[in-house]
Amino acid sequence: MTWSDEGYILGVNIYGENSSIISILSKDHGHHKGIIYGGTSSKLKKLIQISKKLFLIYINHMKNMTKKYDNGEITIEWKPEVCIHSAICFKGLPQVFDPRQKPWIKQNNANTNDIIYQINQCPSKALSFYYTSEEK
Ligand code: SF4
């Protein structure tokens with residue numbers, strides 16, 4: 001899906017060390033949230049302020065995409081389209097879930113129980129898992 005529209009910034013939150021999550025109300029396409037990498041830089045900070053009007057171009061490359069990360073015991077699944085960028089996973093287990101890194105999930109950086117606990121905190125259910133031995 002692709003669309004363009006006008007919108008206003010409703011909220012800006014710092015995300016990680018140098019990124020921002022902005023909340024936007026568009027004229028014809030409702031409310032959206034998105035990450036702006038480098039959004040806390042002095043150049044971008046001036047543009048990303050509450051009530052600023054923006055011209056928006058929305059391109060969804062990730063429709064129905066599921067990314068998988070196998071640690072040998074479980075396979076973590078992440079659905080980018082479902083993720084609401086709450087940062088709960090990042091705050092809870094940053095050595096595994098770090099959007100500043102590529103890939104952003106490092107499935108071998110914590111034990112499986114800690115990862116499962118964190119996955120179960122995901123408010124949108126963008127994160128899920130299955131035991132790798134029960135391969136889907
Ligand atoms: S906790 Fe879930 S919704 Fe929040 S950023 Fe992580 S994957 Fe996305």
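The following exchange explains how terms are applied to this predicted model.

User: What are the ground rules for numbering and for confidence?

Analyst: Residue numbers start from 1 along each chain as its sequence is written. Because the model is predicted, local features need pLDDT of at least 70 and side-chain atom pairs count only at pLDDT 80 or more, while totals for chains, interfaces and linings use all residues.

User: What makes a stretch a helix or a strand, and how many of each are there?

Analyst: Both are DSSP runs numbered from the N terminus: helices are H or I with at least four residues, strands are E with at least two. By that rule the protein has three helices and seven strands, in the pattern β-β-β-α-β-β-β-α-α-β along the sequence.

User: How do you know that β2 and β3 pair?

Analyst: Two strands pair if DSSP finds at least two bridges between them. Strand β2 (residues 19-26) is joined to β3 by seven bridges, so the criterion is met. The two run antiparallel, and isoleucine 24 has histidine 32 in β3 as its bridge partner.

User: Why are β3 and β4 called edge strands?

Analyst: Four strands form an open sheet in the order β3-β2-β1-β4, with antiparallel pairing. β3 (30-36) and β4 (53-59) each have a single partner strand, so one side of each is left without a neighbour in the sheet. Neighbouring strands here are turned by 45° against each other on average, direction ignored; axes are lines fitted to C-alpha atoms, for helices over the stretch in contact, and angles run from 0 to 180 degrees between N-to-C directions.

User: Which strands stand at the edges of the sheet β5-β6-β7, and why?

Analyst: This open sheet of three strands is paired in the antiparallel sense. β5 (67-70) and β7 (127-131) are its edges, because each has a single partner strand and one side without a neighbour in the sheet. The average turn between neighbouring strands of this sheet is 25°, direction ignored. Strand β6 (residues 74-78) is paired with β7 over five bridges, and the partner of glutamate 77 in β7 is serine 128. Helix α3 (residues 112-119) packs on the sheet, touching β6 and β7, and its direction makes about 25° with that of β6.

User: Why is asparagine 109 called partly exposed?

Analyst: A residue is buried if 20 or more other C-beta atoms lie within 10 Å of its own, exposed if 12 or fewer, and partly exposed in between, with C-beta atoms placed from the backbone. Asparagine 109 has 15 C-beta neighbours inside 10 Å, so it counts as partly exposed. It is found in the loop between α2 (88-92) and α3. Two residues are in contact if their C-beta atoms, placed from the backbone, lie within 7 Å; leaving aside neighbours within four places in sequence, asparagine 109 is in contact with Gln95 and Val96.

User: What makes a set of residues a nonpolar core, and which residues make up the largest one?

Analyst: A nonpolar core is a set of buried Ala, Val, Leu, Ile, Met, Phe, Trp, Tyr and Cys residues joined through C-beta atoms within 7 Å. The largest has 12 residues, including Ile74, Trp78, Val96, Ile115 and Phe129. β6, α3 and β7 are the elements that give two or more residues to this core, and the largest share, three residues, comes from β6. Leaving aside its neighbours within four places in sequence, valine 96 is in contact with residues including Ile105 and Ile115.
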